[in-house]
Amino acid sequence: MSRYPRPPPSLGVIALVAALCAASPVHAAGTTDENPWQPAPYTLGQGLYFPALGLRIGGYADVHFFDLDGSRSTSSLRDASMFVTKDLGSRWQLFTELATSRTTNVTGARNEGGEAEVDVERLYADFHATPSVTFRFGKFLTPVGEWNLVHADPLTWTVSRPLSTSAAFARHASGAMAFGTVGIKGQDLDYWVFADNSQSLGVGQDADDAFTDYTGDRSPRNNFRHAVGGRVLYHLAGDSLSVGASYVNYQLETPRHDYQLIGVDFTWTMRYLELTGEAIYRSGPSQLSDERGGFIEAGVPIAARLYLIGRLERYHTSMPETTTTVRTEAINYRPVPGVVLKLEHRNGRGGDIVPAGWLASVSVLF
């Protein structure tokens, strides 16, 4: 963990409330000053929107169950997050995500009460400079690969997260970013360029575990001290194929070394199949081996709103130095928009980093 003091989560809440109270309402057609808190019709998964205030409130929650080798079966209220988006005039927008994790754990028949942590997961202001350029200031998700930008449980195919999406870099960055979309030869190119200075600008109590699947304090922490980098994503074949590349030069808080990371990713969507994949390579100090690996994942619809998922991943970690191979089979069921049920089984040579067994979750996007 960082040796530098970080502001407690309550400061992020205070900053958000102050900004919302100070901002002038943004009035929309058909609204009146007499009732600015009149919401638009609500749809599950789309958040509660107040047009007269330019304010949207949403979030998600998920309950996990896992029965993994070497431990007793456990269930937990894994995550609960609240999103708040506030329009500030026509060009500025404020966003925050407040998150709690591991609120309640039940092991066997015993309720252990959990180890609830509240954190400012994201807190930033966007300035829409032009249709193709937006500037972001604050704490945001690191733009490496596709998974890290859509990491919320209701938006992913599986309960577990591939190692290549978390093991080598910090999932959050604090600083400034420019992003947008430009046209190249009739196709869209999305881009992200960012600079991080978490040692001075860190918000909340980051604990960016390298291994995210129930390893607790055994996992190395990947918090940035500083970083620069970016990502591009090129859309092809009528947007059915996208190919991306990432690069980051950074220093981690612990162990305090300099690293360089390159990554590639793709998504190919066909009528009856979706293929996705990510791979990364990280070089660092001579006393540590390079980290490298990736995954390929296939999703196939087998019935209305029911999908079969298969994933194969292989990854070499430097701390501890080991190579992990994992096969995952899963089903993903979305009975109504905003509600997702998942069941998966994984096996392979994962050991303590990725223990084999069964995982399940129920998640709701508000």
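How many aromatic pairs does the count come to? The count comes to eleven aromatic pairs. The notes below refer to a predicted model.

1. Overall make-up. The protein chain contains two helices and 19 strands. Of its 366 residues, 46% count as buried. Among contacts between residues at least 6 apart in sequence, 54% join residues at least 24 apart.

2. The W147–F295 pair. W147 and F295 form an edge-to-face aromatic pair, with 6.3 Å from centre to centre and 85 degrees between the planes. This pair links distant parts of the chain: W147 is in the loop between β8 (133–141) and β9, F295 is in strand β15, and 148 residues separate them. Both W147 and F295 are buried.

3. The Y250–Y259 pair. Y250 and Y259 are stacked, at 5.6 Å centre to centre and with 25 degrees between the planes. Y250 is buried because its relative accessible area is 0%, under the 20% cut-off. Y259 also counts as buried, because its relative accessibility is 3%. The ring of Y259 has a further partner: the charged end of R282 sits over it, 4.1 Å from the ring centre.

4. Another aromatic group. Y60, F83, F95 and Y124 form one aromatic cluster. Within this group, F83 has the charged end of R122 over its ring, 5.7 Å from the centre.

5. Strands β11, β12 and β13. Strand β11 (residues 224–236) runs antiparallel to strand β12 (residues 241–252), and twelve bridges join them. One of the paired positions is V232, whose bridge partner in β12 is A245. The two strands form a hairpin with four residues between them, and A237 in the turn has a positive phi of about 50 degrees. On the other side of the pairing list, β12 is joined to strand β13 (residues 258–269) by eleven bridges, again antiparallel. N249 stands opposite Q260 in β13. The hairpin that joins β12 to β13 passes through five residues.

6. The largest nonpolar core. This core has 34 residues, and those that touch the most other members are L163, A168, F194, F224, V248, Y250 and L261. Strands β9 (172–184), β10 (187–196), β11, β12 and β13 each supply at least two residues of the core. In soluble globular proteins, nonpolar side chains tend to be buried together. What is F194 in contact with, leaving aside its neighbours within four places in sequence? The contacts of F194 are F140, T142, P143, A173, A176, M177, A227, V228, G229, G230 and V248.

7. E291. This residue lies in strand β15 (residues 291–303). Is E291 buried or exposed? E291 counts as buried, because its relative accessibility is 4%. Its side chain makes a polar contact of 2.9 Å with the side chain of S318. Beyond its neighbours within four places in sequence, E291 is in contact with A167, A168, I280, Y281, R282, Y315, H316, T317, S318 and M319. A168 also appears among the residues that touch the most other members of the largest nonpolar core, and R282 is the residue whose charged end sits over the ring of Y259.

8. S363. Strand β19 (residues 357–365) holds S363. S363 counts as buried because its relative accessibility is 0%. Which side chain does that of S363 join in a polar contact of 3.0 Å? The partner is the side chain of D153. With neighbours within four places in sequence left aside, the contacts of S363 are A61, D62, D153, P154, G338, V339 and V340.

9. G277. This glycine is found in strand β14 (residues 274–283). With a relative accessible area of 5%, G277 is buried. G277 and L312 are 35 residues apart in sequence, and their C-alpha atoms are 9.6 Å apart in space. Apart from neighbours within four places in sequence, G277 is in contact with V264, D265, F266, F295 and I296. Of these, F295 is the ring that forms the edge-to-face pair with W147.

Technical notes. Residues are numbered from 1 along each chain as its sequence is written. This is a predicted model: local features need pLDDT of at least 70, side-chain atom pairs count only at pLDDT 80 or more; totals for chains, interfaces and linings use all residues. Side-chain values use heavy atoms; hydrogens and water are left out. Buried means under 20% relative accessible area, exposed over 50%, partly exposed in between (1.4 Å probe, protein chains only). A polar contact is a pair of N or O atoms within 3.5 Å; within protein, one must be able to donate a hydrogen and the other to accept it, and residues adjacent in sequence count only if both atoms are side-chain atoms. Contact means heavy atoms within 4.5 Å. Two strands pair if DSSP finds at least two bridges between them. A nonpolar core is a set of buried Ala, Val, Leu, Ile, Met, Phe, Trp, Tyr and Cys residues joined through side-chain atoms within 4.5 Å. Rings of Phe, Tyr and Trp (its six-membered ring) pair if their centres lie within 6.5 Å; planes under 30 degrees apart count as stacked, over 60 as edge-to-face and the rest as tilted. A charge sits over a ring if NZ of Lys or CZ of Arg is within 6 Å of the ring centre and within 35 degrees of the ring normal.
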